[in-house]
Amino acid sequence: MASKRVSKRKCPRCKTFNPPGSFITGPGGLQAFCNIDCMSKHAYSKRSKGYEKQRKENKKKLAERKESLKTNSDWAREAQTAVNLYVRIRDRGRLCISCDKPDVGKRDASHYRSVGACKQLRFNTFNIWASCHKCNTQLSGNLLEYRIRLVPKLGAARVDWLESQNEIARYSIDYLKRVKSIFNRRAKHLIKLRGY
Ligand SMILES: [Zn+2]
Ligand SMILES: [Zn+2]
């Protein structure tokens with residue numbers, strides 16, 4: 001019994017038990033491959049696993065390098081994308097903030113005080129509401145109509161406050177990263193909560 005176990009060995013490729021004497025030297029030394037075909041297939045699969053690992057490592061390194069090369073404005077853009085996504089999800093089903101168009105077709109996250117006009121409100125969710133694409137782009141926010149609908153939502157005092165903000169804001173990369181991750185998380189949470 002014992003001698004049988006020693007002499008018959010499994011092919012590493014196809015798991016066939018091979019009789020004594022049929023061993024072929026493979027990449028791992030003396031191994032019980034059935035034939036050259038099994039051996040080369042085995043060697044190839046081992047190598048391709050290695051390639052795959054290397055490819056993943058390279059990809060990760062490249063991603064890390066890309067991250068490290070991102071500028072403040074790259075991070076600001078990504079943070080804004082996250083905040084805008086959150087707002088569009090928050091306002092799903094609501095009418096356009098500027099023209100009451102129902103939630104159909106392309107929708108934007110429309111800033112009451114634009115990013116260009118007021119940097120320190122660019123991530124403020126009182127300042128951003130979902131609108132139809134036309135109001136946000138062709139009508140530059142359609143702001144008179146926007147204001148009419150914003151006052152009942154926020155109260156006149158808060159709208160006045162938004163309108164009085166005029167300092168220049170500067171955000172650190174760390175802050176922008178935090179904004180991005182917080183709002184992505186909030187967006188995911190909302191989707192989970194509402195089931196869409
Ligand atoms: Zn085999
Ligand atoms: Zn609209």
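**Reading two zinc sites and a helix pair**

Colleague: Which spacing do the donors of the zinc ion (ligand 1) follow along the chain?

Modeller: C-x2-C-x19-C-x3-C is the spacing of the donors of the zinc ion (ligand 1). A donor here is an N, O or S atom within 2.8 Å of the metal (3.2 Å for Na, K and Ca), and sites may look incomplete since water is not among the atoms. The four are C11, C14, C34 and C38, each through SG, at 2.3 Å.

Colleague: What am I looking at, and how are things numbered?

Modeller: This is a predicted model: local features need pLDDT of at least 70, side-chain atom pairs count only at pLDDT 80 or more, and totals for chains, interfaces and linings use all residues. Residues are numbered from 1 along each chain as written, chains are lettered from A and ligands numbered from 1 in the order written, and side-chain values use heavy atoms, without hydrogens and water.

Colleague: Which elements make up the protein, from the N terminus on?

Modeller: Helices (H or I, at least four residues) and strands (E, at least two) are DSSP runs, numbered from the N terminus. The protein has 7 helices and 6 strands. Their order is α-β-β-β-β-α-α-β-β-α-α-α-α.

Colleague: Back to the zinc ion (ligand 1). Why is its arrangement called tetrahedral?

Modeller: Ideal angles for four tetrahedral donors are 109.5 degrees. Four donors count as tetrahedral if all angles lie between 85 and 135 degrees. Around the zinc ion (ligand 1), the 4 donor atoms subtend 98 to 117 degrees, so the arrangement is tetrahedral.

Colleague: Where in the chain do C11 and C34 of that site lie?

Modeller: C11 is in the loop between β1 (9-10) and β2 (17-18). C34 is in the loop between β4 (29-31) and α2 (36-69). They are 23 residues apart, and the pair links distant parts of the chain.

Colleague: Are C11 and C34 buried or exposed?

Modeller: Buried means under 20% relative accessible area, exposed over 50%, and partly exposed in between (1.4 Å probe, protein chains only). C11 is buried at 0%. C34 is partly exposed at 27%. Across the protein, buried residues make up 32% of the 196 residues.

Colleague: What coordinates the zinc ion (ligand 2)?

Modeller: The SG atoms of C96, C99, C132 and C135 coordinate the zinc ion (ligand 2), at 2.3 to 2.4 Å. Its 4 donor atoms make angles of 103 to 117 degrees, and the site is tetrahedral. The spacing is C-x2-C-x32-C-x2-C. Here too, a pair links distant parts of the chain: C99 sits in the loop between α3 (72-90) and β5 (107-111), and C135 in helix α4 (residues 133-137), 36 residues apart.

Colleague: How accessible are the cysteines of that site?

Modeller: C99 is partly exposed at 32%. C135 is buried at 2%, and C132 is buried at 6%.

Colleague: How many disulfides does the structure hold?

Modeller: A disulfide is a covalent bond between the sulfur atoms of two cysteines. The test is a pair of cysteine sulfur atoms within 2.5 Å. This structure holds 0 disulfides. C118 is another cysteine to look at, and is buried at 1% relative accessibility.

Colleague: Which residues have a positive phi although they are not glycine?

Modeller: Most residues other than glycine have a negative phi. K15 has a positive one, about 65 degrees. K15 lies in the loop between β1 and β2. D100 also has a positive phi, about 65 degrees. D100 lies in the loop between α3 and β5. D100 is partly exposed at 37%.

Colleague: At what angle do α3 and α7 pack?

Modeller: Axes are lines fitted to C-alpha atoms, for helices over the stretch in contact, and angles run from 0 to 180 degrees between N-to-C directions. α3 and helix α7 (residues 173-194) pack at about 20 degrees, with axes 8 Å apart. Roughly parallel means under 35 degrees. α3 and α7 are therefore roughly parallel to each other.

Colleague: Where is Q80 found, and how far is its C-alpha atom from that of F183?

Modeller: Q80 is in helix α3, and is buried at 7%. The C-alpha atoms of Q80 and F183 are separated by 9.2 Å, although these residues are 103 residues apart along the chain.

Definitions and conventions:
Four donors count as tetrahedral if all angles lie between 85 and 135 degrees; four count as square planar and six as octahedral if opposite donors are over 155 degrees apart and all others between 65 and 115; anything else is irregular. Angles under 35 degrees count as roughly parallel, over 145 as roughly antiparallel, 65 to 115 as roughly perpendicular and the rest as oblique.
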